[in-house]
Amino acid sequence: TVNYGEGSYTGHGSTSGSTYGAMYEATYDIALNEENNAIFQPLVNVSVMRNEVDDYNETGAGNAGLRVSGLEGTSATVSVGGRLMGIIGGNVFGRESLGELRVQVAQDLGDTRSEGNVGFLSNPGFSRQVKGSKAGTTGLQFGAGLSLPSGENGTIFVDATADIRSRMTSASGSIGYRYNF
């Protein structure tokens, strides 16, 4: 809602988009004990992502409504770090739970600053390029995960990750089920 003088208007809008990419990770197992149930993995991770967001057209504001377009970009991330993995226990099927802790230093490359074209609906030919805040391109990533065997071929997994950078910190988590056949 935008207030002006004695009046106001409320603008609405929605958009959608997609992200797709590829990731490759290389590791090497270093056993920390004779039973090989605790290992350290130095790791290198490379990923490339393409982001595309549909145009946004604000409604409810008449000719003062905003149009935002050109929200797309390709970025890459290279990270180096280590992962500590270990067996945490077993179940009735003779399968062990696996826990992990990881730390990585990440460097972003490519389109690392969001930007788009912004203008009024009343004049679609006139717009200005607006750049968003530029988050730090070097980050420190922390993560933890747990894989719990479920049946003879299935595994329930839980994972949490934090990414700390200048002007941006994010946290994410996932839970899922893997079936090996």
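**View 1. Just 23% of the 181 residues in this chain count as buried.** This is a predicted model. The C-alpha atoms fill a box of roughly 75 × 30 × 30 Å along the principal axes. The radius of gyration is 23 Å, whereas a compact globule of 181 residues would come in near 16 Å. As for surface, the chain exposes about 11800 Å², with carbon and sulfur atoms supplying 55% of that.

**View 2. Strands and no helices: the chain has 14 strands and 0 helices.** Read from the N terminus, the elements go β-β-β-β-β-β-β-β-β-β-β-β-β-β. Take the contacts between residues at least 6 apart in sequence, and 57% of them turn out to join residues at least 24 apart.

**View 3. Arg50 has a salt bridge with Glu52 and another with Glu72.** In the Arg50–Glu52 pair, the closest N and O atoms sit 3.3 Å apart. For Glu72 and Arg50, the corresponding distance is 3.8 Å. That second pair ties together distant parts of the chain, with Glu72 coming from strand 8 (residues 71-90) and Arg50 from strand 5 (residues 38-53), 22 residues apart. How much of each side of this trio is open? Arg50 is partly exposed, at a relative accessible area of 21%. Glu52 is partly exposed too, at 31% relative accessibility, while Glu72 reaches 54% and counts as exposed.

**View 4. Arg67 and Asp55 meet side chain to side chain in a salt bridge.** Here the N to O distance is 3.0 Å. The partners are 12 residues apart and come from distant parts of the chain: Arg67 belongs to strand 7 (residues 66-69), and Asp55 to the loop between strand 5 and strand 6 (56-57). Arg67 has 27% relative accessibility, so it counts as partly exposed. Asp55 is also partly exposed, with a relative accessible area of 35%.

**View 5. Five charged residues share a network of salt bridges.** The members to pick out are Glu25, Arg83, Glu100, Arg102 and Asp159. Over the chain, the salt-bridge count comes to 9.

**View 6. Negative side chains number 18 and positive ones 12.** Mark the centre of each set and the two points lie 9 Å apart. Among the residues behind these counts are those of the earlier views, including Arg50 and Glu52, joined by a salt bridge, and Arg67 with its salt-bridge partner Asp55.

Note on methods. Residues are numbered from 1 along each chain as its sequence is written. This is a predicted model: local features need pLDDT of at least 70, side-chain atom pairs count only at pLDDT 80 or more; totals for chains, interfaces and linings use all residues. Side-chain values use heavy atoms; hydrogens and water are left out. A salt bridge is a side-chain nitrogen of Lys or Arg within 4 Å of a carboxyl oxygen of Asp or Glu. Buried means under 20% relative accessible area, exposed over 50%, partly exposed in between (1.4 Å probe, protein chains only). Helices (H or I, at least four residues) and strands (E, at least two) are DSSP runs, numbered from the N terminus. The radius of gyration is taken over C-alpha atoms; the globule rule is 2.2 Å times the number of residues to the power 0.38. Contact means heavy atoms within 4.5 Å. Accessible areas come from the Shrake-Rupley method with a 1.4 Å probe; for residues, only the protein chains shown count as cover. Lys and Arg count as positive and Asp and Glu as negative; His and the chain ends are not counted. The place of a charge is taken as NZ of Lys, CZ of Arg, CG of Asp or CD of Glu.
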